[in-house]
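Good morning, and thank you for making time for this short presentation. I would ask you to keep the sequence and the structure in view while I speak.

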Amino acid sequence: MTWSHFLPTFGGLFVIVMLRANATYWIGRGAAAGTRRWRGSASPPSRSVTRAQDLVNRWGPVAVVLCFLTIGIQTAVNATAGVTRMPLRRYLPAVTVGALLWAAIYASVGLAAAQAWLAAAARSPVGATTVTVVLVAAVLAVVVHRRVRAS
């Protein structure tokens, strides 16, 4: 991997994740404001939202940074930061550091994995497709197994 590939990929991923995370924060803030105005809904929050609220309440900006190193709770943590009205002076530095980490990881490891898959596909399209199907099936099996075990 060269810098000529890494830098544009990193920059693009950083912009995308900053837009997504900040949009999620503002959606959470707007939803909280709307809920405060209209108290008609009394349904309990989902388990991921409850986990995110606990993280944000306990750790605040640290939770925002660390959520970018996880899979599955980024949206919940950023929305919870908005719902709990985390001050922008705390949120913006945290989301920037998290987005930098996320973009660096995905631009390096993700780009290297994509290049390796493309090279494998060029050598053996059937082999690369088979490996991809097996990996997707394995991920789906794990997800289904966890959901069945949780219920």
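Let me begin at the end of helix 4, where the residue Arg85 follows the helix with a positive phi, near 55°. Please bear in mind throughout that this is a predicted model. Arg85 takes this positive phi although it is not a glycine. Its place is the loop between helix 4 and helix 5. Is Arg85 buried, partly exposed or exposed? With a relative accessible area of 45%, Arg85 is partly exposed, because the partly exposed class runs from 20% to 50%.

The same loop also holds Thr84, between helix 4, residues 74-83, and helix 5, residues 88-123. Thr84 is partly exposed as well, at a relative accessible area of 34%. What does Thr84 touch, once its neighbours within four places in sequence are left aside? The answer is Val56 and Asn57. Thr84 also has a polar atom in its side chain that lies 2.8 Å from the backbone oxygen of Thr80. As for distance along the chain, Gly28 is 56 residues away from Thr84, yet their C-alpha atoms are separated by 8.3 Å.

Let us step back into helix 4 itself. This helix is mostly covered, with 7 of its 10 residues buried. Which residues are they? They are Gln74, Ala76, Val77, Asn78, Thr80, Ala81 and Gly82. You will recognise Thr80 here as the residue whose backbone oxygen lies 2.8 Å from the side chain of Thr84.

One of those buried residues, Asn78, leads us to helix 1. Thr24 lies in helix 1, and beyond the residues up to four places away in sequence it touches Thr75, Asn78 and Ala79. Thr24 has a relative accessible area of 14% and is therefore buried, the limit being under 20%.

A second residue of helix 1, which spans residues 3-37, is Asn22. Asn22 also counts as buried, at 14% relative accessibility. Where do its contacts lie, if residues up to four places away in sequence are not counted? Asn22 touches Tyr91, Leu92 and Val95.

I turn now to the aromatic residues. How many aromatic pairs does the structure hold? There are 5. One of them joins Tyr25 and Trp26 in an edge-to-face arrangement, with 5.2 Å from centre to centre and 90° between the planes. The two partners differ in exposure: Tyr25 is buried at 0% relative accessibility, whereas Trp26 is partly exposed at 46%. Elsewhere, Phe6, Phe10 and Phe14 make up one aromatic cluster. A general remark may be helpful at this point. An α-helix has 3.6 residues a turn, so residues three or four places apart point the same way.

Next, helix 5, for which I have chosen two residues. Pro93 is found in this helix and is partly exposed, with 45% relative accessibility. Between the C-alpha atoms of Pro93 and Val65, 28 residues apart along the chain, the separation is 9.0 Å. Ala114 also belongs to helix 5 and counts as partly exposed, at 36%. Its C-alpha atom is 34 Å from that of Trp59, and these two residues stand 55 residues apart along the chain.

My last topic is how helix 5 meets helix 6. Two packed helices are described by the angle between their axes and the distance between the axes. For helix 5 and helix 6, the latter being residues 125-150, the axes come within 5 Å and cross at roughly 135°. Why are the two helices called oblique? An angle over 145 degrees would count as roughly antiparallel and one of 65 to 115 as roughly perpendicular, and roughly 135° lies in neither range, so helix 5 and helix 6 are oblique to each other.

Which residues meet there? From helix 5 come Trp117, Ala120, Ala121 and Arg123, and from helix 6 come Pro125, Ala128 and Thr132. Sorted by class, this contact has 5 nonpolar residues, 1 polar and 1 charged.

To close, I return to the place where we began: Arg85, in the loop between helix 4 and helix 5, with its positive phi of about 55°. Thank you for your attention.

Terms used. Residues numbered from 1 in each chain as written. Predicted model: local features only at pLDDT ≥ 70, side-chain atom pairs only at ≥ 80, totals over all residues. Heavy atoms only, no water. Helix = DSSP H or I, 4+ residues; strand = E, 2+ residues; numbered from the N terminus. Buried < 20%, exposed > 50% of the residue type's maximum accessible area, 1.4 Å probe, protein only. Contact = heavy atoms within 4.5 Å. Polar contact = N/O pair within 3.5 Å; in protein donor to acceptor, adjacent residues only side chain to side chain. Phe/Tyr/Trp six-rings, centres within 6.5 Å; stacked < 30°, edge-to-face > 60°. Axes fitted to C-alpha atoms, helices over the stretch in contact; angles between N-to-C directions. Parallel < 35°, antiparallel > 145°, perpendicular 65-115°, else oblique. Nonpolar A, V, L, I, M, F, W, Y, C, P; charged D, E, K, R; others polar.
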